Amino acid sequence: MVDLTDIRSITAELPRSYEVLVRDQIKFRVGRIVYLAVSRDEQTIGIGFPREERAAALAAEPDKFLPPRPSDERFQWIQVRLAALDPTELRELILDAWSMCVPKKLRAEYFGSE
């Protein structure tokens with residue numbers, strides 16, 4: 001199982017990423033865009049996720065993925081149970097969410113591609 005320490009270690013290395021506390025909830029942003037939010041009980045995270053892939057992820061792995069709150073359905077967002085993730089999956093989800101928020105040039109520099 002992964003936890004907040006694992007999340008912080010991954011996000012710390014990401015350019016332009018920073019942590020904020022909003023209404024007693026830890027969130028990670030790029031600029032003003034939230035790409036990851038930790039639940040208050042630290043059991044789930046809300047994370048940026050392609051809207052067009054959300055239904056498939058929910059159907060394929062219902063023990064891991066949860067639908068976003070109704071107020072967040074319009075966003076590219078999904079909820080994830082931390083207990084269902086290993087460190088590699090967590091890293092992939094975070095990198096994907098972060099890369100949705102940064103400029104293409106920065107993403108290319110970080111991943112080492114043109």
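The residues lining the largest pocket divide into eleven nonpolar, six polar and four charged. The model shown here is predicted, and the tour starts at this pocket.

**The pocket**

Display the largest pocket, whose volume is about 480 Å³. Then select V34, A37, R69, D72 and W77, which are the closest to its centre among the 21 residues of the lining. Next, colour strand 2, strand 3, strand 4 and strand 6, the elements that each give two or more residues to that lining. Strand 3 deserves its own selection, for it gives the most, with five residues.

**The sheet**

Widen the view to the sheet. It is open and is formed by six strands in the order 1-2-3-4-6-5, with antiparallel pairing. Select residues 17-22 for strand 1 and 65-66 for strand 5; these strands stand at the edges and have a single partner strand each, so one side of each lacks a neighbour in the sheet.

Move to residues 44-48, which form strand 4, and to residues 77-81, which form strand 6; five bridges pair these two strands in the antiparallel sense. Within this pairing, select G46 and find Q79 of strand 6 opposite.

**The first hairpin**

Return to strand 1, which is joined to strand 2 by six bridges, the two strands running antiparallel. Select V22 and then Q25, its bridge partner in strand 2. Two residues lie between the strands of this hairpin, where R23 takes a positive phi near 50°.

**A salt bridge from strand 1**

Which residue meets the side chain of E19 in a salt bridge? Select R8: the two side chains meet at 2.7 Å, N to O. This pair links distant parts of the chain, since E19 belongs to strand 1 and R8 to helix 1 (residues 4-11), eleven residues apart. The count of salt bridges in the model comes to five.

**The helices across the sheet**

Select residues 51-60 to show helix 2, which lies across strand 5 and strand 6 and runs at about 25° to strand 6. Finish with residues 87-99, helix 3. Which strands does helix 3 lie across? Display strand 1, strand 2 (25-30), strand 3 (33-38), strand 4, strand 5 and strand 6, for helix 3 lies across each of them. Relative to strand 4, helix 3 runs at about 40°.

Key:
Residues numbered from 1 in each chain as written. Predicted model: local features only at pLDDT ≥ 70, side-chain atom pairs only at ≥ 80, totals over all residues. Heavy atoms only, no water. Pairing = 2+ DSSP bridges. Helix = DSSP H or I, 4+ residues; strand = E, 2+ residues; numbered from the N terminus. Contact = heavy atoms within 4.5 Å. Axes fitted to C-alpha atoms, helices over the stretch in contact; angles between N-to-C directions. 1 Å grid on protein atoms, 1.4 Å probe; cavity = no way out; pocket = protein on both sides within 12 Å on 5 of 7 lines; lining within 4 Å. Points joined across faces, edges and corners; volume = space filled by probe spheres on them. Nonpolar A, V, L, I, M, F, W, Y, C, P; charged D, E, K, R; others polar. Salt bridge = Lys/Arg side-chain N within 4 Å of Asp/Glu carboxyl O.
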